[in-house]
Amino acid sequence: MRLVSYEDELALLEHHIRAQGSSGLPIQILEAGCGREWCFRLPGLSYELTGLDLDPAALEARRSIKGDLTRSFVGDVRDADLPKGHFDVIYNAFVLEHVEGAELALANFVRWLKPGGILIVRIPDRDSVQGFLARMTPHWFHVLYYRWAWKMKDAGKPGFAPYRTIYEQIVSRKELERFCAKHALTIVDVLGVGTYRRGHGIARRITPFVARLISALTFGQIHDRFVDLTIVARKQPG
Ligand SMILES: C[S@@+](CC[C@H](N)C(=O)[O-])C[C@H]1O[C@@H](n2cnc3c(N)ncnc32)[C@H](O)[C@@H]1O
């Protein structure tokens, strides 16, 4: 595992996405659980971006404000009817922790990927302080935290994060690695991303201390070394 900043993570992921573009044809990217926006800028790369999301309000905002999707569907990652073996890249960021039956979604991703295509999964690491707190605290607390630390006044309203957290066991490094092995996906990158020096104002100053304290109180079972986990895995070439 490499520990990286969010900026370096995006650069690395862009590199993985670009590497899929060697055929000369536009690469097919599925953003599964696309929400209101994505974080990549891919100038010079020819690609088509398909957005899938359960939340019509978020998808409508994505279409009307960002307008960056080639096509989009309101649908569920667990049972959407997308073509088999179609996508060069499936990008799934901060979605699986909100899904009951997340393994169904992962099995669909494998089915929808072309042989040789890559799956990018980003999740809050369940053993990080943030993942631990997300699992242990109620939804209303998440909403308050987003409004206070991130100054997101619309947090919790339709179409806006945070979404209700389920956090099944599969949403962890160990279980995702087990899933990849079982489905002949080769892991090409594992990243531990971010630090607790984040948020705004006083939140930015006290969060690293709170994270350190929680880690110490759990004798290191819960860590503050990084926040989020990213796994990049390749489907076996045909
Ligand atoms: C925390 S947001 C992340 C959005 C975006 N991927 C990002 O990184 O900013 C979670 C998104 O997953 C969507 N979502 C949750 N459960 C879903 C499901 N079962 N099928 C499709 N989308 C889902 C939500 O509607 C929301 O847009």
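Helices (H or I, at least four residues) and strands (E, at least two) are DSSP runs, numbered from the N terminus. The model is predicted: local features need pLDDT of at least 70, side-chain atom pairs count only at pLDDT 80 or more, and totals for chains, interfaces and linings use all residues. Residues are numbered from 1 along each chain as its sequence is written, and side-chain values use heavy atoms, with hydrogens and water left out.

**Exercise 1.** Locate P162 and F94, and describe the backbone at each.

*Solution.* Begin with P162, which is found in the loop between α5 (139-149) and α6 (173-182). The peptide bond leading from A161 to P162 is cis, with omega near 0 degrees. Turn next to F94, in the loop between β5 (87-93) and α3. F94 is not a glycine, yet its phi is positive, at about 55 degrees.

**Exercise 2.** Describe how strands β3 and β4 are paired and connected.

*Solution.* Two strands pair if DSSP finds at least two bridges between them. Strand β3 (residues 47-53) pairs with strand β4 (residues 71-74) in the parallel sense, over four bridges. Within this pairing, L52 of the model stands opposite F73 in β4. The chain passes from β3 through helix α2 (residues 56-66) to β4, a right-handed β-α-β crossover (with the strands pointing away from the viewer, the path from the first strand over the helix to the second runs clockwise).

**Exercise 3.** Characterise the surroundings of the ligand and its polar contacts.

*Solution.* A residue counts as near if one of its heavy atoms lies within 4 Å. There are 16 residues around the ligand, of which G33, D53, D76, V77 and A93 come nearest. A polar contact is a pair of N or O atoms within 3.5 Å. An oxygen atom of the ligand lies 2.6 Å from an N or O atom in the D53 side chain. A ligand nitrogen atom is 3.0 Å from an N or O atom in the side chain of D76, and a nitrogen atom of the ligand is 3.3 Å from a polar backbone atom of L54. The protein covers 85% of the 600 Å² of accessible area that the ligand has on its own (Shrake-Rupley method, 1.4 Å probe).

Note on methods
A polar contact is a pair of N or O atoms within 3.5 Å; within protein, one must be able to donate a hydrogen and the other to accept it, and residues adjacent in sequence count only if both atoms are side-chain atoms.
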